[in-house]
Amino acid sequence: FHLKTDCLNRETRCEFCDLSIAIKNLTEHLLMCPAHPVVCKCRRSMRRDEVKEHIDRDCELTEIECPYAKYGCKIRKIPRKDLFAHKKKFYIEHQDMLEGKYDKLKEKNDQSVLKYNLLMGKMTEKISELVQKQDLLEGKYDQLKDENTQLVQEHLQMKNNITKLEHEQL
């Protein structure tokens, strides 16, 4: 009888996650059970392990940043449920912010294009100079190669002449 009704070490199943657990640990388990129902501040009921995703994606009371904050909107945090009304109310201001950002980016891009074109011009000049130098060096190389070939031939001719002279002296 004790083992079935009074023993704190007897096993039971969590009604939410079906985990087998000792009765004495059930209360502690229910405080952390991922399947245990909880109620969000928006009054929606869900499993404990769904709360983070709900808050990150769906909860209407979660404060989120206005997507135009990065363009200058002063409303940094707003409840998700109010975002549509905020975007509607400040539509013109948001568009002005986007236009300002666009103008700055266009100006920066135009400056980058000018710098790019300037660099391309300088690189083209440098490449032309290097091609001319390469042509000059190739000409000098060919000239030295011809001179070397001529010297080798003269050396061989002199060697032959020396050999002939030595043979004539014998």
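## Salt bridges, one aromatic pair and an extended chain

Searching the whole structure turns up 7 salt bridges. Keep in mind as you read that this is a predicted model. Three of the bridges make a good place to start, and the table gives their partners and N to O distances.

| Acidic residue | Basic residue | N to O distance |
|---|---|---|
| Glu53 | Arg57 | 3.6 Å |
| Asp82 | Lys81 | 3.3 Å |
| Asp110 | Lys106 | 3.3 Å |

Let's take these bridges one by one. How many residues apart are Glu53 and Arg57 in helix H3? They are 4 residues apart in this helix, which runs over residues 51–57, so about one helical turn separates them. Glu53 has a relative accessible area of 48% and is therefore partly exposed, while Arg57 reaches 60% and counts as exposed. The cut-off for exposed is over 50%, so Arg57 passes it and Glu53, at 48%, does not.

The bridge between Asp110 and Lys106 sits in helix H5, where the two residues are again 4 apart, so that about one helical turn lies between them. Asp110 is partly exposed at 37% relative accessibility, and Lys106 is partly exposed as well, with a relative accessible area of 39%.

The side chains of Asp82 and Lys81 also meet in a salt bridge. Asp82 has a relative accessible area of 30%, which makes it partly exposed. Lys81, at 45%, counts as partly exposed too.

### The aromatic pair

How many aromatic pairs does a search of the whole structure find? There is 1. Tyr68 and Tyr71 form this pair, with 6.4 Å from centre to centre and 55° between the planes, and the arrangement is tilted. Why tilted? Planes under 30 degrees apart would count as stacked and those over 60 as edge-to-face, so the 55° of this pair falls into the tilted class. The centres also have to lie within 6.5 Å, and 6.4 Å satisfies that limit.

Is Tyr68 buried or exposed? Tyr68 is buried, since its relative accessible area is 18% and the cut-off for buried is under 20%. Tyr71, with 31% relative accessibility, counts as partly exposed.

### Around helix H2

Helix H2 covers residues 26–32 and includes Leu31. His29 lies in this helix as well. The accessibility values of these residues fall on opposite sides of the scale: His29 is buried at 12% relative accessibility, whereas Leu31 counts as exposed at 63%.

Which residues does His29 contact, once its neighbours within four places in sequence are left aside? They are Cys14, Cys17, Leu19 and Ile21.

### Along helix H5

Helix H5 spans residues 91–169, and Tyr116 is placed in it. Tyr116 also belongs to a nonpolar surface patch of about 580 Å², together with Leu119, Met120, Met123, Ile127 and Val131.

Gly139 is another residue of helix H5. It is partly exposed, with a relative accessible area of 36%. From Gly139 to Pro34 the C-alpha to C-alpha distance is 82 Å, and the two residues are 105 apart in sequence. For Leu31 and Met158, 127 residues apart along the chain, the C-alpha atoms are separated by 107 Å.

### The chain as a whole

What does the overall picture look like? The chain contains 5 helices and 6 strands, and reading along the sequence gives the pattern α-β-β-α-β-β-α-β-β-α-α. Its C-alpha trace spans about 135 × 65 × 15 Å along the principal axes.

The radius of gyration is 44 Å, whereas a compact globule of 170 residues would have one near 15 Å. Of the 170 residues, 14% count as buried; Tyr68 and His29 are both in the buried class. Among contacts between residues at least 6 apart in sequence, 12% join residues at least 24 apart.

Finally, the accessible surface of the chain amounts to about 14700 Å². Carbon and sulfur atoms account for 56% of this area.

Key:
Residues are numbered from 1 along each chain as its sequence is written. This is a predicted model: local features need pLDDT of at least 70, side-chain atom pairs count only at pLDDT 80 or more; totals for chains, interfaces and linings use all residues. Side-chain values use heavy atoms; hydrogens and water are left out. Patches are made of residues with over 30% relative accessible area and no salt bridge: like charges are joined within 9 Å, nonpolar side chains (Val, Leu, Ile, Met, Phe, Trp, Tyr) within 5 Å. Accessible areas come from the Shrake-Rupley method with a 1.4 Å probe; for residues, only the protein chains shown count as cover. A salt bridge is a side-chain nitrogen of Lys or Arg within 4 Å of a carboxyl oxygen of Asp or Glu. Buried means under 20% relative accessible area, exposed over 50%, partly exposed in between (1.4 Å probe, protein chains only). Rings of Phe, Tyr and Trp (its six-membered ring) pair if their centres lie within 6.5 Å; planes under 30 degrees apart count as stacked, over 60 as edge-to-face and the rest as tilted. Contact means heavy atoms within 4.5 Å. The radius of gyration is taken over C-alpha atoms; the globule rule is 2.2 Å times the number of residues to the power 0.38.
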